[in-house]
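Q: I am new to this structure and would like to be walked through it. Could we begin with the terms and then go part by part?

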Amino acid sequence: MSATYAPHPTPPGKPRARILVVDDDADMLRLLAMRLGAAGYQVTSVGSAESALSQLDIERPQLVLSDVRLPGKDGLALFDEIRSRHPSLPVILLTAHGTIPDAVEATARGVFTYLTKPYEAKELLEKIAQALAMGAPASPSSQADEEWRADVISRSNRMADLLAEARMIAQSDASVLLRGDSGTGKEMLASAIHRASPRSKKPFIAVNCGAIPEALLESELFGHVKGAFTDAVANHKGLFQTADGGTLLLDEIGDMPPALQVKLLRVLQERAIRPLGSSQSIPVDVRIISATHRNLEEAMAEGLFREDLYYRLNVVTLTLPTLAERREDIALLANHFLAKLARKYGKRSSGFAPEALKALTMASWPGNVRQLYNVVEQACALTTTPLVSLALVQRALRTPSTEVLSFTDARQRFERDYLVGLLKMTDGNVADAARLAQRNRTEFYRLLQKHELTPGLFKSDSMGGVAGTSDDAVADE
């Protein structure tokens, strides 16, 4: 049993929050759907925990409203499943008097709140509004509301949860540690967090701590004054000062040299930097987001990363999934990249051939989204047709062709390639080529005619494209 109810008209541009209602009582479901729909919500109703979990796989709501007593899995078991899959998704439980102790326990475990039956409609709407205000923004939302994450292309539930958490974190100044393999899009997520934050009008600056030599990294981060070292011919403002009021992304923080880790920790504690060669500190107001593909816990155990710095940076952790863990996004990303690159290269590419798209979806993607972009770019640059072919995708992926020829076609291809090779080796001399093939010239000519090969085209003086009867045809008479 499942139904979806559209909300009453809402003001233009106002987001419509989706609510998933779970109850095995059909009359209660109908009543809740009408009340919530009248309040402007988009409601999907289901009759069991199993149906609710299936619905969550299809579309992520902004709130789940569930009865405690359900057939099969009860509402508490459903909550446990939701918490493991979607930690930031708020859940409100409806409970009869006999299950109040269970509901109280669930609230201690993370349920937003519970209401006892019969409940007041006004109280229900107030609790829902409170839960939505503390949770993820309503979606679908206005175009302006989505601009903060415009560069993060995704339809996967896993990414939806990650973006919901990122949006909530963006409103605070808490330091964020982004984890994930190389190429998963950590810098894009950091930029999205900045755009969703109150600091969005100020600079967002990213620096790769592993790409700059240690001797230069300190000056790059904190700046220097004239005369601080041999080449310091003028004062230089560091990235902390440049990002003042905004956000600084310290990418590959796990590669930062230990000596600089000490200085970074002092900056985070004092909220002030001291340029190289200066005796004066300069106050800075910067939100720090750090990113790494390394295991910082292992680095701490090996003495390569300071524990106190780790806890300063790791107030909130967000982990980006690999591309292989969000395969439903591959086709979406590939087509997005193709449209962008087709404009760059002046191509009229309109998409991928079905078998090419299947190959992209099934690839292993060790390089994640960055590798996908590179594959699409190569295919786009080389394509001569509106649809990118399987062969171009396989070439870009460096995977062997999966084409299976019939025995007849395979033999024909081998024969032709073999004959072409002989003619190239003998400079188009049929007598020599026939001798190498251990065939008489008459039989060899038949093979050449079968494959429409002209020996004269393989002569050194005919490589410019001059065709016609070869001299060795006369000599062979």
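A: Buried means under 20% relative accessible area, exposed means over 50%, and partly exposed is in between, with a 1.4 Å probe and protein chains only. Helices (H or I, at least four residues) and strands (E, at least two) are DSSP runs, numbered from the N terminus. This is a predicted model, in which local features need pLDDT of at least 70 and side-chain atom pairs count only at pLDDT 80 or more, while totals for chains, interfaces and linings use all residues. Residues are numbered from 1 along each chain as its sequence is written, and side-chain values use heavy atoms, with hydrogens and water left out.

Q: How many helices and strands does the chain have?
A: The secondary structure of the chain comes to 21 helices and 15 strands. Of the 477 residues in the chain, 45% are buried.

Q: Which residues of H8 are buried?
A: They are Lys186, Leu189, Ala190, Ser191, Ala192, Ile193 and His194. Helix H8 covers residues 186-195, and because seven of its ten residues are buried, it is largely enclosed by the rest of the structure.

Q: What covers the buried residues of H8?
A: The cover includes helix H7 (157-170) and the strands S7 (176-179), S8 (204-208), S9 (247-251), S12 (287-292) and S13 (316-319). Covering is judged by contact, which means heavy atoms within 4.5 Å.

Q: In what order do the strands of the open sheet run?
A: The order is S8-S9-S12-S7-S13, five strands with parallel pairing. The edge strands are S8 and S13, each of which pairs on one side only. From one strand to the next, the twist averages 20 degrees. Two strands pair if DSSP finds at least two bridges between them. Axes are lines fitted to C-alpha atoms, for helices over the stretch in contact, and angles run from 0 to 180 degrees between N-to-C directions.

Q: How many bridges are there between S9 and S12?
A: S9 and S12 pair in the parallel sense over four bridges. One bridge partner pair is Leu250 with Ser290 in S12. Helix H7 packs on the sheet, where it touches S7, S12 and S13, and its direction makes about 155 degrees with that of S13.

Q: And at the S8 edge, which side chains are buried along the strand?
A: The side chains of S8 alternate: Ile205 and Val207 point to one face and are buried, whereas Phe204, Ala206 and Asn208 point to the other and are not. S8 pairs with S9 in the parallel sense over five bridges, and Ile205 has Leu248 of S9 as its bridge partner.

Q: Changing topic: what is the volume of the largest pocket?
A: It is about 560 Å³. Of the 23 residues that line this pocket, Gly183, Thr184, Gly185, Met188 and Val369 are the closest to its centre. H8, helix H14 (330-345) and helix H16 (368-382) are the elements that give two or more residues to the lining. The lining divides into ten nonpolar, five polar and eight charged residues. Here Ala, Val, Leu, Ile, Met, Phe, Trp, Tyr, Cys and Pro count as nonpolar, Asp, Glu, Lys and Arg as charged, and the others, Gly among them, as polar.

Q: How is a pocket told apart from a cavity?
A: On a 1 Å grid over the protein atoms alone, a cavity is a set of points where a 1.4 Å probe fits but cannot get out, and a pocket is an open set with protein on both sides within 12 Å along at least five of seven lines; lining residues have an atom within 4 Å of a point. Grid points are joined across faces, edges and corners, and a volume is the space filled by probe spheres set on the points.

Q: How many cavities of 30 Å³ or more are there?
A: The search of the whole structure finds one, with a volume of about 80 Å³. Strand S2 (18-22) gives the most to the lining, with three residues.

Q: Where is Trp365, and is it buried or exposed?
A: Trp365 is found in the loop between helix H15 (354-362) and H16. At 2% relative accessibility, Trp365 counts as buried. Its phi is near 55 degrees, a positive value in a residue other than glycine.

Q: What about phi of Asn368?
A: Asn368, in helix H16, has a positive phi of about 60 degrees although it is not a glycine.
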